[in-house]
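Got your viewer open and a selection box ready? Let's walk through this one stop by stop.

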Amino acid sequence: MEQDARALAQAVAADEARRAARWQLRFRLGWGLLIALLAGFMVISLNVELDFIARATPFIIEGIWLTLIVSAASIVLATFLAAVGALGRLSSNAIVNALASFYVSFFRGTPLLLQLLVWYLALPQVGIILDPIFCAIGALGMNYGAYMTEIFRAGIQAVPLGQREAAAALGMSSRTAFLRIVAPQAFRIIVPAIGNDFVAMLKDSALASTVALQEIVWRARNVGQKEFKTLQTFMIAAMIYWALTIIFSTFQNRIEKRLAAGDRNKETKG
Amino acid sequence: MSANVNVDRTHVHKLHPAEKPGILVKAGAEPVLKATNVTKWFGENHVLRGASITVWPGETVCILGRSGSGKSTFLRSLNFLEDPTDGVVEIDGVTVTADPFHKEGGERQSRIRDLRLRAGMVFQEFNLFPHLSVIENCVEAPVHVKGMARKEAEAIAEKYLAKVGLSEKRDEYPSRLSGGQRQRVAIARALTMQPKVLLFDEPTSALDPTLVGEVLKVMADLAHEGRTMIVVTHEMDFAHEAADRVYYMDQGEFAEVGPPEQVIDAPKDPRTKEFLSRFRTLGSKK
């Protein structure tokens, strides 16, 4: 009996493994097929023109630096604004709270593209003329800061009330309790969201091409339009964004895993 | 609205008619904690109806009562985690009065913090800090509130971790501990602040039944070595064994006070009688 039961269990496990392997194989075949289709479409319909692509690609790739710089600077600005905004939204001071919720409402309630154009085209009307890169950083940072304010606020509120009560019962001021107890726990909840937003920002930074910032999309459009080959150049730009997204998503997954496992890693030595 | 509400806030602390120091209290000793006329309204709900308590140094006092009787709210009012609508709390010379209209400013807040330093609290849900190791949980407040040197705080914490039997868990994180171990760490954390009084809010109610014993044993040891403790609990056997005095709370006021042999074994008040009869029929081991 015992023998039979064990044999059955082994057979079930083996079958499960087989099915999982088959699923993986199909999944990869599916991907491979789609990539082949995409490549085939490009080769057939675009009459590849390798020498043009060889000329255009380096020019477009040079835009990566601006894309990365603008995205990184904007996420830093957005994180700072979100931290201040979240504290404002949680403040017991009605005026501070009003200020923060007005900021969130206004910047989430209007299009990002419009905000960018205001920075670049409308502000000069009142004598404020900024370099495109600062327009892009300002617009992206303030817009993302508004979205991230709500994420930060939710992260802080996700820390259980009992934590604050325990801190208070130990005689901590609300400031000490926030800095030492609530913020470190909220941080773990918030960091993955910042990573997500950075990946989104990489792509939204393409809007800056409309204010003459020479990032990836601007370069793809300009080099393509001259020879009426934007299909090729936009495809190249798409591949660059796609690759960047994959790289940073992998990176972000790793950070997330490490954060989640933080305690366990330390414990193994103890 | 608040202007025409005229309440007399000069409370005179009177002992409950049946309130006497426990037999182990030294003659002439002053109470370490006095709470007078503690009243709490949650909206239209009258949760505490002027409850008063006096605790002398070295006593263990248990507060019994059915769920919803207000005993947890009362305990949480003693360190102002719950802001009472009326009443006065005095612990070891620090006095804080209810301030329902928020007329007092930051000075009252710092007095509340002062009061809290004298009253350690152990929660039903432990509330350990998950991002800190056991030892860090214990020294966090001594270092960052009292300004104690880390080495000194760690020495004190280690002493209390040894007392609760968790010395070897010093560097573990709370997530790796059982519920009973977590609650014992929470007790060590409260002790490391060296408070005058320990407040326990149903410390075993969230525990798996097999883990209740280890926590109660630590608490009984503390009671026997002369710690001053106020314990809100449903553990009749613990109250019987460890308490010097028992308060029975019913609908926001204390219905009966006295030594456990009286309140638990021979209750006089009909409400206490009714409450205890349930415990008897629902499987006390005796």
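**Stop 1: the sheet in chain B.** Keep in mind that this is a predicted model. Colour chain B by secondary structure and find the open sheet: 4 strands in the order S2-S1-S4-S5, with antiparallel pairing. At its edges sit S2 (45-55) and S5 (94-97) of chain B, each pairing on one side only. Look along the sheet and you can check the twist: neighbouring strands are turned by 15° against each other on average, ignoring direction.

**Stop 2: the hairpin.** Now select 33-42 and 45-55 in chain B, which gives you S1 and the edge strand S2. S1(B) and S2(B) run antiparallel, joined by 8 bridges. For one rung of that ladder, pick Thr39(B), whose bridge partner in S2(B) is Arg49(B). Then zoom in on the turn: this hairpin has 2 residues between the strands, and Gly43(B) has a positive phi near 60°.

**Stop 3: the other side of the sheet.** Hop over to residues 86-91 of chain B, strand S4, which pairs with S5(B) in the antiparallel sense over 4 bridges. Show Glu90(B) and you'll find Thr95(B) of S5(B) standing opposite.

Next, bring up helix H2 of chain B, residues 106-117. H2(B) packs on the sheet and touches S4 and S5 of chain B, with its direction at about 130° to that of S5(B).

**Stop 4: another helix on the strands.** Select 71-78 in chain B for helix H1. Which strands does H1(B) lie across? They are S1, S2 and S4 of chain B, and the helix runs at about 120° to S1(B).

**Stop 5: where the chains meet.** Turn chain A back on and select the contacts: 20 residues of chain A touch 25 residues of chain B. About 2100 Å² is buried between the two chains, with carbon and sulfur atoms giving 59% of that area.

How many salt bridges are there between chain A and chain B? The count is 2. To see one of them, show the side chains of Arg180(A) and Glu140(B), which meet at 2.5 Å, N to O. Polar contacts between the chains come to 7 residue pairs, both residues at pLDDT 80 or more.

To see what chain A brings, colour helices H7 (161-169), H8 (174-204) and H10 (230-269), the elements that give two or more residues to the side touching chain B. H7(A) gives the most, with 7 residues. Finally, colour that side of chain A by class: you should get 8 nonpolar, 6 polar and 6 charged residues.

Note on methods. Residues numbered from 1 in each chain as written. Chains lettered and ligands numbered in written order. Predicted model: local features only at pLDDT ≥ 70, side-chain atom pairs only at ≥ 80, totals over all residues. Heavy atoms only, no water. Pairing = 2+ DSSP bridges. Axes fitted to C-alpha atoms, helices over the stretch in contact; angles between N-to-C directions. Contact = heavy atoms within 4.5 Å. Buried area = accessible area lost by both parts, 1.4 Å probe. Salt bridge = Lys/Arg side-chain N within 4 Å of Asp/Glu carboxyl O. Polar contact = N/O pair within 3.5 Å; in protein donor to acceptor, adjacent residues only side chain to side chain. Nonpolar A, V, L, I, M, F, W, Y, C, P; charged D, E, K, R; others polar.
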